[in-house]
Amino acid sequence: MVEVTVTPQSSLADRPVQIRVRGLSPSQLVTLRAWLKDEQGECFQSRAFFRADGAGEVDPGLHAALGGNYSGVWPMGLLWFLQPDTLFRRLVKRDVAGSPFRVRLEVFDGLCLGADPREQPLASCEAERWYVGPGVQRVPIREGRVRGALFLPP
């Protein structure tokens, strides 16, 4: 049975995570896809193609992506190279304290270039990427023409 995992499943956005796929056939060619919807409902996604090792595993931190949105060894490449489906959109988190970005990770057999809704992933999981740690207090700043926010640790 194929399994894709993200460790830790919930983390701060500036912290590295480990993405691993297990249960593949040795040397199997797969596509890893990451996608999320921002607060306006815009979809951002990235994909990379990998060949499983002799144990039937893929680890983007150890194995080089053969193509897709990037190539080479990039442990966080699937998260760093997220691209908008609509041109000229930027991935911006407005509600930094209230909710995380929920990133969906999927693994497909072979090269998966499009977002064909008929294609079923071999496995999938979800990761939370928070922008503010637990217990951090957000204080709005309005002084003259200065606007901002002060984030105080617990």
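This briefing walks through the fold, the surface, the salt bridges and a few unusual backbone spots of one protein chain. The model is predicted. The chain has 154 residues, and its secondary structure comes to one helix and eleven strands. A good residue to keep an eye on is Lys93, which is buried and forms a salt bridge with Glu39.

**The overall fold**

- Following the sequence from start to end, you meet the elements in the order β-β-β-β-β-β-α-β-β-β-β-β.
- If you trace the C-alpha atoms, the chain spans about 60 × 35 × 25 Å along its principal axes.
- Take the contacts in the chain with a separation of 6 or more: residues 24 or more positions apart account for 53% of them.

**Surface and charge**

- In this chain of 154 residues, 37% count as buried.
- The area that the chain exposes is about 9,200 Å², and carbon and sulfur atoms supply 53% of that area.
- The chain carries 19 positive and 17 negative charges, and the mean positions of these two sets are 8 Å apart.

**Lys93 and its surroundings**

- Look for Lys93 in the loop between β7 (residues 83-84) and β8 (residues 101-109).
- Lys93 counts as buried because its relative accessible area is 12%, and the cut-off for buried is under 20%.
- Which residues does Lys93 touch, leaving aside those up to four places away in sequence? They are Glu39, Ser99, Pro100, Phe101 and Tyr131.
- With Glu39, the link runs from side chain to side chain, as a polar contact of 2.9 Å.
- With Ser99, the side chain of Lys93 reaches the backbone oxygen, at 3.0 Å.

**Salt bridges**

- Side chains of opposite charge can pair when their charged atoms come close.
- How many salt bridges does a search of the whole structure find? The search finds seven, and three of the pairs are described next.
- Lys93 and Glu39 form one of these salt bridges, with a distance of 2.9 Å from N to O. This pair links distant parts of the chain, since Lys93 sits in the loop between β7 and β8 while Glu39 sits in the loop between β4 (residues 29-37) and β5, 54 residues apart.
- The two partners fall into separate classes of accessibility: Lys93 is buried at 12%, whereas Glu39 counts as partly exposed at 33%.
- Arg20 and Glu57 also meet through their side chains in a salt bridge, at 2.5 Å from N to O. Arg20 belongs to strand β3 (residues 18-22) and Glu57 to the loop between β5 (residues 43-51) and β6 (residues 67-68), so this pair ties together parts that are 37 residues apart in sequence.
- Arg20 counts as partly exposed, because its relative accessibility is 21% and this class lies between the 20% and 50% cut-offs.
- Arg20, Arg22 and Glu57 are joined into one network by salt bridges that share partners.
- Arg15 and Asp14 give a further example, in which the side chains meet at 3.9 Å from N to O.
- Is Asp14 buried or exposed? Asp14 counts as exposed, with 60% relative accessibility, while its partner Arg15 counts as partly exposed, with 46%.

**Unusual spots in the backbone**

- Where is there a cis peptide bond? A bond of this kind joins Thr7 and Pro8, and its omega is about -10°.
- Pro8 itself lies in the loop between β1 (residues 3-7) and β2 (residues 10-12).
- Ser27 has a phi near 65°, which is a positive value in a residue other than glycine. You can find Ser27 in the loop between β3 and β4, where its relative accessibility of 42% makes it partly exposed.
- Phe88 also has a positive phi without being glycine, with a value near 70°. Phe88 lies in the loop between β7 and β8, and it counts as exposed because its relative accessibility is 82%, and the cut-off for exposed is over 50%.
- Lys93 lies in the loop between β7 and β8 too, yet Lys93 is buried.

Technical notes
Residues numbered from 1 in each chain as written. Predicted model: local features only at pLDDT ≥ 70, side-chain atom pairs only at ≥ 80, totals over all residues. Heavy atoms only, no water. Helix = DSSP H or I, 4+ residues; strand = E, 2+ residues; numbered from the N terminus. Buried < 20%, exposed > 50% of the residue type's maximum accessible area, 1.4 Å probe, protein only. Polar contact = N/O pair within 3.5 Å; in protein donor to acceptor, adjacent residues only side chain to side chain. Contact = heavy atoms within 4.5 Å. Salt bridge = Lys/Arg side-chain N within 4 Å of Asp/Glu carboxyl O. Areas by Shrake-Rupley, 256 points an atom, 1.4 Å probe, with all protein chains shown as cover. Lys, Arg positive; Asp, Glu negative; His and termini not counted. Charge placed at Lys NZ, Arg CZ, Asp CG, Glu CD.
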